[in-house]
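Please study the sequence and the structure shown here before attempting the exercises. Each task is followed by a worked solution.

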Amino acid sequence: MTQKKRNLQRKYISIIAPILLIIVSFHGLTYGSVFISLPEIWDVLSHKGEPFHEQIIMELRLPRILIGLLVGGCLAASGSLLQGVMKNPLADPGIIGVSAGAGLAAIITMVILPQYSYLLPIAAFLGALITSLIIYLLAWDQGTSPVKIILAGVAINALLGAITSGIMVIYSDRVQAVLPWLAGGLNGRGWYHFEFMAPYAIISILLCYFAIKPANIILLGDDTAKLLGQKVELQRFLIIILASLLAGVAVSVAGLIGFVGLVIPHIIRIIVGEDYRFLLPLSMIGGATLVVFSDTIARSWFDPIELPVGILLACLGAPFFLYLLRRRRIL
Amino acid sequence: MAALPNSLSGSLVELAGGENIASDFASLANYPQYAQLNAERIIESNPQFILFMGHGDPEKVRDGFIKEMKQTAGWQHLEAVQNNHFEILPPDLFGTNPGTRVVDALDYLDKLFQEAKD
Amino acid sequence: MMAAIQTDQITLNLGAFQLHDISLAIPKGKITTIVGPNGSGKSTLLKVITRLLTADHGSVYVQNKKTTTYKAKEYAQTVSMLPQSKDHLPNLTARELITFGRSPYKSLLNNQITTEDEAIINQAMQMTNTAKHENRLFYSLSGGEQQKVRIAMALAQKTDILLLDEPTTYLDMAHQLDVMELLYHINSKYNITVVMVLHDLQQAATYSHHLIAMKRGEVVDSGTPKFLLTAGFLRKVYEINARVLYEEDYPLIIPKINIKER
């Protein structure tokens with residue numbers, strides 16, 4: 001790729017991506033069990049709509065789309081940061097234990113302590129963060145390296161996965177309730193969930209601005225970055241915590257959604273290059289678009305059943321990786 | 001997650017004289033017992049009664065369930081919620097197969113529906 | 001003569017990499033090359049000087065200050081290094097990479113590239129003759145040009161001292177000479193202290209003012225190339241039998257070989 005081509009692609013996608021996002025959002029507002037046309041949506045927004053439409057749009061679809069945007073944006077941002085800081089183009093928020101931690105916390109809350117099931121988002125969020133911290137501390141030995149973090153992550157993921165499975169086996173009669181959450185979806189997510197996640201999500205997204213420069217320098221290599229006077233260990237730690245916050249917020253509300261954090265940054269990187277000034281914001285937009293669009297499909301195509309969006313996204317994952325295999329250059 | 005008419009609980013409801021909103025949907029006829037119903041369809045159907053199958057002591061779990069219901073999108077508009085027509089079903093009769101006590105389960109539902117009619 | 005860098009009894013034991021009681025001085029404003037057989041600790045020493053590794057005992061003084069007293073960015077404004085490890089650089093344009101050389105002067109709140117920065121970047125490109133590749137992506141350049149871009153990035157740090165760990169090892173002959181001439185020129189025109197590790201003894205002797213020979217983690221000899229480069233030196237440090245000739249000031253090391261008559 002030449003610099004000219006890269007710059008051109010950056011220009012194009014900076015225009016196309018936000019437009020796609022807006023289209024996909026309106027698509028989500030109009031489609032569902034009931035098709036609500038754009039003029040009817042306008043009526044609702046100006047308080048002149050049918051009560052049934054108003055319920056659907058204002059209580060169900062609007063918050064759900066907003067949540068989908070935040071979830072997709074946070075997961076993609078998390079994945080893109082991790083891929084740089086862990087020097088692994090196939091890194092994904094699961095690597096730092098976010099999914100395993102949130103999953104275990106969710107299982108414990110829903111299955112063992114059902115009287116507290118309304119605390120699920122908080123429990124999942126804390127589970128995600130605490131697990132990331134544990135993994136980081138385990139990997140610490142006068143500093144860390146991506147390899148050590150990955151190893152610690154594998155160990156903890158295995159452990160938490162085993163405990164989670166164990167609980168599911170012991171309480172097998174109660175497992176029904178947890179499965180949709182584990183599959184990842186936005187069913188029933190409304191204003192309550194949006195209000196829960198919005199402050200954390202927005203703060204985390206704003207913090208991403210400060211991660212751009214350090215993340216770019218870390219791309220040069222640990223040694224080179226240190227020779228440029230960067231406190232690489234500290235920066236890596238902070239970026240991992242930020243990635244964990246971003247993913248934790250998303251997973252706490254949407255359950256275990258995979259694929260977005262791994263694939264969206266990968267695709268965007270192929271188009272715009274590794275520079276986080278472009279990679280990060282465009283990944284966020286890409287992730288948001290993907291999740292909202294997939295969720296709309298997941299809740300409309302199989303009416304009256306809702307498919308958890310995590311399953312749909314996982315189905316998209318397989319062909320994508322096969323495509324990557326066929327490419328000459330994996331990156 | 002909703003229990004369909006062909007599940008044990010769903011079947012009991014129909015025997016007790018209730019109508020499962022899921023039975024409105026022809027495509028679900030052959031679906032295995034439980035399904036994630038689209039929230040929009042639930043609101044559209046506007047059930048008069050919501051029965052929760054929990055797995056703890058109903059008394060303890062009730063508060064938690066109420067809080068969770070408030071969180072769930074759109075549910076505060078449901079007639080059942082506004083009229084307080086929801087019930088946490090005892091897990092020993094409805095959570096797992098009650099065996100010979102299935103008659104007790106039916107009685108429970110019957111009593112519930114009778115009280116609601118008044 | 002002022003020493004740009006001084007080490008005092010540096011000792012480090014990392015198993016494979018060891019340094020025993022290294023005390024030396026690097027003359028200011030000159031080109032010093034560290035030579036020696038594989039595993040003698042040359043790269044390790046550079047890493048200790050640049051604080052990528054920490055010694056078990058001993059201290060390093062740069063411009064008469066202990067290196068432990070420098071803050072991270074401050075040190076990066078004093079000493080720059082081209083590591084040997086081909087840290088996989090991202091595929092950015094030459095100019096974008098060289099711009100990273102200004103990082104030690106940027107902070108969280110003051111992170112914009114100023115016109116002054118641009119001027120320094122331009123100068124670095126001029127010094128290395130890489131301005132013509134300004135907008136070309138790094139991996140589209142030849143090995144030699146890539147090396148010069150990396151040197152330009154180090155020069156953009158505007159340090160008084162430049163360290164290079166085997167800067168010519170992966171280059172073909174033409175590019176090797178290119179880089180050596182460049183370093184010589186940078187040193188003579190801008191008075192930058194250059195310290196490098198080289199494998200090619202002939203190159204080292206030609207382009208350096210001062211040589212330091214290491215073997216098995218110790219300094220075994222130091223001095224001017226003319227003074228150092230003798231058959232005895234080669235036997236002591238490299239354990240080879242060879243004689244040294246000079247052809248127009250360029251040293252030729254002629255080893256004794258054992259090839260039978262064909």
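The exercises below treat the chains and their contacts in turn.

This is a predicted model, in which local features need pLDDT of at least 70, side-chain atom pairs count only at pLDDT 80 or more, and totals for chains, interfaces and linings use all residues. Residues are numbered from 1 along each chain as its sequence is written, chains are lettered from A and ligands numbered from 1 in the order in which they are written, and side-chain values use heavy atoms, with hydrogens and water left out.

**Exercise 1.** Determine how many helices and strands chain B has, and in which order its elements run.

*Solution.* Step 1: helices (H or I, at least four residues) and strands (E, at least two) are DSSP runs, numbered from the N terminus. Step 2: chain B contains six helices and four strands. Step 3: starting at the N terminus, the order is β-α-β-α-β-α-α-β-α-α.

**Exercise 2.** Explain why chain B counts as being as compact as a globular protein of its length.

*Solution.* Step 1: the radius of gyration is taken over C-alpha atoms, and the globule rule is 2.2 Å times the number of residues to the power 0.38. Step 2: for 118 residues the rule gives 13 Å; the radius of chain B, 14 Å, is close to this, so the chain is as compact as a globular protein of that length. Step 3: the C-alpha trace of chain B spans about 40 × 35 × 30 Å along its principal axes.

**Exercise 3.** Describe the elements of chain C and the share of its residues that count as buried.

*Solution.* Step 1: chain C has nine helices and twelve strands. Step 2: buried means under 20% relative accessible area (1.4 Å probe, protein chains only). Step 3: by this criterion, 51% of the 262 residues of chain C are buried.

**Exercise 4.** Establish how chain C is placed with respect to chain B and chain A.

*Solution.* Step 1: contact means heavy atoms within 4.5 Å. Step 2: chains B and C do not touch, and their nearest C-alpha atoms are 40 Å apart. Step 3: in contrast, 23 residues of chain A are in contact with 27 residues of chain C. Step 4: buried area is the accessible area (1.4 Å probe) that two parts lose on being put together, summed over both. Step 5: chains A and C bury about 2,100 Å² between them, with 62% of it on carbon and sulfur atoms. Step 6: on the chain A side, Leu220(A), Leu227(A) and Leu228(A) lose the most area to chain C, together 31% of what that side buries.

How values were computed
Buried < 20%, exposed > 50% of the residue type's maximum accessible area, 1.4 Å probe, protein only.
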